[in-house]
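User: Please take one part of this model and look at it closely. Choose a stretch of loop and the elements around it, and work outwards from there in connected prose.

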Amino acid sequence: MKRPFAVVLTAVALAAALPAGAQMLDVYRTRDDVAATQAGSMASATACGARRLDDRPIALEDAILLAICSHPQLSRTWADARAATAEVGVSKAAYLPTLNATAGIQRDNVNTTYTGGFSGDQRSTSRYGMLNLSWVLFDFGKRGANLDRARALLRAANAAHDDALQSVFYDAAQAFYALRDAQAALEAAQAVERAAQESLAEASARHDGGAGTLGDALQAQTTYRKALLDRVSAEGDLQNAIGTLATTLGADADTPLRIADAEPSPDRDDFTRGVANLIAEAKRDHPKLIAARERLEAARDQIRAVRAQSLPTISLMGSLTRNNPSYQQQPSLFQLQSSHSNSIGIQISIPLFEGFASGYRIAEAKAQADAQEADVRNTELKVSLDVWKSYQSLQTDTTNLDNSQHLLDTALHSLEIARGRYKAGVGTFTELLNAQSALADARRQRVLAVSRWRTARLKLAESLGRLGLWNDAG
């Protein structure tokens, strides 16, 4: 008699144990639809594990891998994608039956007093168990719409993660370039300081020898002090750039870093196609647009699901019940020893009236779909503008990269001539200071041109949504 009760208790125990191990079971293989690591397709788990901050100089590829393997923003978007895969599994589970088990032990004590002073006690113990089965057979497409919506949201989550990868990639590369630019700016400031110091020594020697004026010496002193201030400021900017790169790589700002040295070289082969083709490519493949389109698709699936809520549902219902009571001091000659029952049938649920809420839910879903459609168009315009601006900036900055080198070469030659004329006594100190100032400005223009070119090239790749690891020469 107690066997059915034991079966129910076993079912309850198994159900209680499921939550602890459920996360280890992926029946619908939804995890195959999300990246294995937060670095996605840009790096494997082995590559992420091999990258560490140490005493060796960091190359651009190292900086990018460190960032995409450890950045908390990517941890968040990757977790969102994994949650979306779980939602797909929940939607698929709606096609299978549900089975619930209920079991318990109940103790009843009843004390009854009759006329004439008689009283009686009745105590009973009941053990009961119940299994309930429910299986939705037909629901006019509600489950299908929910599954399509979950899949669309998963694709949107994956696209959002890809977009976050692009952003972190861009930030890491930009921080790396900013540190390299800060080093170049410091080197330029040091070169200007050395030139100013040489001019000060020459002006002071000529003044001490009676061939130069005190005004020339004071001007040289002023120029040297200004160069000294610029060099100290450049050192401060370098430390700020080191802290920025360190935090971008997931380390504390005070982490010492050294980056690998490399000379910039123009690279036009990636973006030689017309800007119209680039815009069309970005509108087709950019992760931001893919995510927006998938969210629009999910909003349209939501309309289908909301409409299906107002339609009937056909379900298979079944139950199995067992009750084993035990009585003590029962005055009746007939005692209930056990009872059991079972049932199976088809249930039709028809929503008849819910205060006109269904119409408002449909209107809300349609409005949300309209909002998502507007968001898609707005994202298209933003992507188009980003590509246009980035393309034009790259064309300009690539040309100015060559112009800045010519300017620097000319300024160096001009300073050599001015210094030679001043030493020979046929040139004025004002000419020397002007040449020195022109060289300092040319050095700054060169550093700025290289920085803008690097950023423009990187920004165009980011605006196209196709940043990837490359062998950088710049």
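Analyst: Phe140 sits in the loop that joins strand 2 (119-138) to helix 5 (142-208). The model is a predicted one, and this loop is a convenient place to start. The phi of Phe140 is positive, about 60°, although the residue is not a glycine. Most residues other than glycine have a negative phi. Arg29 is another non-glycine residue with a positive phi, near 55°. Arg29 lies in the loop between helix 1 (3-21) and helix 2 (45-50), and its relative accessible area of 53% is over the 50% cut-off, so Arg29 counts as exposed. Phe140 has a relative accessibility of 41%, which falls between 20% and 50%, and therefore counts as partly exposed.

What is Phe140 part of at the surface? Phe140 belongs to a nonpolar surface patch of about 1,400 Å², whose members also include Trp135, Leu137, Phe138, Leu311, Ile346 and Ile348. Strand 2 and strand 4 (339-349) are the elements that give two or more residues to this patch. The largest share, three residues, comes from strand 2. Trp135, a patch member, is placed in strand 2. The relative accessibility of Trp135 is 33%, so this residue counts as partly exposed; that value also passes the patch requirement of over 30%. Further members of the patch include Ile350, Leu352, Phe353, Phe356 and Tyr360.

On the other side of the loop is helix 5. Helix 5 packs with helix 3 (residues 60-70) at an angle of about 140°, and the two axes are 9 Å apart. The angle is not over 145 degrees, so the pair counts as oblique rather than roughly antiparallel. The crossing of helix 3 past helix 5 is right-handed.

Helix 5 also carries acidic residues that pair with arginines elsewhere in the chain. Side chains of opposite charge can pair when their charged atoms come close. Glu193 forms a salt bridge with Arg231, with 2.9 Å between the closest N and O atoms. Glu193 is in helix 5 and Arg231 in helix 6 (residues 214-248), and this pair links distant parts of the chain, 38 residues apart. Glu193, at 11% relative accessibility, counts as buried because the value is under 20%. Arg231 has 18%, so Arg231 counts as buried too.

A second bridge from helix 5 pairs Glu202 with Arg419, the closest N and O atoms being 3.4 Å apart. Arg419 belongs to helix 9 (residues 357-424), so this bridge ties helix 5 to a part that is 217 residues away in sequence. Both Glu202 and Arg419 are buried.

A bridge elsewhere in the chain gives a contrast in exposure. Asp285 and Arg284 form a salt bridge with the closest N and O atoms 3.2 Å apart. Asp285 has 36% relative accessibility and is therefore partly exposed, while Arg284, at 52%, is exposed. Asp148, Asp301 and Arg304 are linked in a network of salt bridges. The count of salt bridges comes to 19.

As for the wider setting, the chain has 10 helices and four strands, which run from the N terminus as α-α-α-α-β-β-α-α-α-α-β-β-α-α. Of its 474 residues, 36% count as buried.

Key:
Residues numbered from 1 in each chain as written. Predicted model: local features only at pLDDT ≥ 70, side-chain atom pairs only at ≥ 80, totals over all residues. Heavy atoms only, no water. Buried < 20%, exposed > 50% of the residue type's maximum accessible area, 1.4 Å probe, protein only. Patch = residues over 30% accessible without salt bridge, like charges linked within 9 Å, V, L, I, M, F, W, Y side chains within 5 Å. Areas by Shrake-Rupley, 256 points an atom, 1.4 Å probe, with all protein chains shown as cover. Salt bridge = Lys/Arg side-chain N within 4 Å of Asp/Glu carboxyl O. Axes fitted to C-alpha atoms, helices over the stretch in contact; angles between N-to-C directions. Parallel < 35°, antiparallel > 145°, perpendicular 65-115°, else oblique. Left-handed = near helix turned anticlockwise from the far one by under 90°.
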